[in-house]
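Student: Could you choose a single part of this model and take me through it closely? I would also like to hear about its surroundings and about the protein overall.

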Amino acid sequence: MLEIQSDVEAINNISIVPKLLEVICRTTGMGFAAVARVTDEKWIACSVRDEIAFGLEPGGELQLETTICNEIRQNGNAVIIDHVTEDERFACHHTPAMYGFQSYISMPIVRKDGTFFGTLCAIDPKPAKLNTPEVIGMFTLFADLISFHLQAVSSLSETKTKLYAERETVNRQGQSNYELTKVNNQLADTQLDLENTINKLTESEAKLRQAIETGKMGTWSINLVAMKLTMSDFVKDLFGFSKNREVSLDEVMAVVDDDYRHMVQTTLNDNIQNRKPSDMEYSITNPITHEQKWVRATGRIFLNADGEPAEYSGMLMDITERKLDDIRKNDFIGMVSHELKTPLTTLTAYMQILHAKAVKGTDSFLTSSLEKANTQIKKMSSMINGFLNVSRLESGKILLHKQPFNLNELLKNMVAEMAPLVPGYSIILESHDPIFVNADSDKVANVVTNLLSNAIKYSPKGKLVIVKSSVVNNTVEVSVKDEGMGIKEKDIDRLFDRFYRVDNKHTEYISGFGIGLYLSAEIVKSHGGKIWAESQSGVGSTFYFTLPLE
């Protein structure tokens, strides 16, 4: 036990470990990161960063058999889980179920002599994208840095112990001047060893900084008392500032592109005032090179000893390559969808002419076939329009034309239009009193249509769909409730992701590309509202969205 306590203290004596854990949390979005000492009997936390109230502190212990780190100790391999529920190896594993996490990464820390020390690990109750070369490379490097520091700390401790022992021997025995000179020479060698150790530690910290910059990320911090901004060299270079001068917030805002400047400024002010974490993506234009870059900035508020906000700091990453890939994909989707739309329009016209002639004839089979073909063309047209809307939305070409209108009147019209198209279903509107909002009525109608269509699509015939609206504080809340198959908890958080579809035996034969809910979410967000879903598998789902009452 004394040896383990010594190992815990050794980690605590490595000054860069808290920074490593902070970088891990800010870069990956994970809420808990730790360095753990793992033996064949114990799992003990040496250093911890806990942003999710996991409840484990340095020196805290977990039962070894309940951890995945025990398996890592046995085989020496890292374990990386983006989404527990979707991972065949760990979906039924006892550890995620016991500790309630959905994302997990753990990298073995091996001493320079080849012995296993423990793990560098991180967990979070939400899924996270961890299985990437960048994240794996970062964890590998950080684990190696910790191993290097442990070796340096061990060498330093052994040297000090030897030094004190020799001093004690000389003092106790009162040896000759020759022996004293010999000891003094040894002390000089020891001093040289200490200097070499310090140089190696400094070198390792430089490697850490290099690793962060190689990963195209840097740090920023705002002193909330003096409102003074500090930025790492990488961030300054990205924004076009020289490394040796101070930079003001106004200068940073001037570099942010016009389309995003208000959003960034508003988000910063709101997060500082309400002590909320932030995660933003926006474009900047370097004033020196005039090159446009895309960045992702994450941050959170840190409090002083009195519980008052003292610092707002975080990480900034260059995501230009990823963003340009997305833009190219959206351009391609838009181009292909537009090219498909023209011949489809022509085909629709011909089908309508043929159907009109067939109705006048006596061939009922031909008439029925043309009706079915026309229905399929409408579905294809709807899908193409969906892809076009995604492309426009991502490129910022969907504009809102806001004007006051009666929301309940719109809901009444939408229900009346939908009801004849879905025989066998009952759609009921339970709200009738006028509620006026200032919004884009066509876009809001699109959201309602998507929610109603989904409620019908995922419910068996004979079931009820209920539409409600009500005023909640300074917003109007609209809900669409169905009695369908319901949605599993693991899918709820991803329902509004682009192209995400729930895959199971019930949805296997239901058409769609996962566009409708994504578009709905973006439209609601662009109005300053929120959208979410509540569901119970096998019982039904309720989708909600809010709009501000301006």
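Tutor: Happily! Helices here are DSSP runs of H or I with at least four residues, strands are runs of E with at least two, and both are numbered from the N terminus. With that in hand, we can place glycine 528, which comes just after H15 and takes a positive phi of about 85°. Helix H15 itself spans residues 516-526, and its buried residues are Leu517, Tyr518, Leu519, Ser520, Ala521, Ile523 and Val524. Please keep in mind that this is a predicted model.

Now for the part I would like to look at closely, a pair of helices. Two packed helices are described by the angle between their axes and the distance between the axes. Helix H12 covers residues 407-418 and helix H13 covers residues 441-457; their axes come within 10 Å and cross at roughly 45°. Angles under 35 degrees count as roughly parallel and those from 65 to 115 as roughly perpendicular, so H12 and H13 are oblique to each other. The crossing of these two helices is right-handed. On the H12 side, the contact is made by Leu407, Leu410, Leu411, Met414 and Met418. Facing them from H13 are Ser441, Val444, Ala445, Val448, Thr449, Leu452 and Ser453. Sorted by character, the residues of this contact are nine nonpolar and three polar, with no charged ones.

Between these helices in the numbering, have a look at strand S13, residues 426-429, where the side chains alternate. Ile427 and Leu429 point to one face and are buried, whereas Ser426 and Ile428 point to the other face and are not. S13 pairs with strand S15, residues 464-472, in the parallel sense over four bridges. Within S15, valine 467 is the residue that stands opposite leucine 429.

One more stop, earlier in the chain, is serine 368, which sits in helix H11, residues 364-394. Its relative accessible area is 29%, so serine 368 is partly exposed. Alanine 358 lies ten residues away from serine 368 along the chain, and the C-alpha atoms of the two are separated by 9.2 Å.

Stepping back to the protein overall, its secondary structure comes to 15 helices and 18 strands. Of its 550 residues, 43% are buried. Finally, among contacts with a separation of 6 or more, 61% are between residues 24 or more positions apart.

Definitions and conventions:
Residues numbered from 1 in each chain as written. Predicted model: local features only at pLDDT ≥ 70, side-chain atom pairs only at ≥ 80, totals over all residues. Heavy atoms only, no water. Buried < 20%, exposed > 50% of the residue type's maximum accessible area, 1.4 Å probe, protein only. Axes fitted to C-alpha atoms, helices over the stretch in contact; angles between N-to-C directions. Parallel < 35°, antiparallel > 145°, perpendicular 65-115°, else oblique. Left-handed = near helix turned anticlockwise from the far one by under 90°. Contact = heavy atoms within 4.5 Å. Nonpolar A, V, L, I, M, F, W, Y, C, P; charged D, E, K, R; others polar. Pairing = 2+ DSSP bridges.
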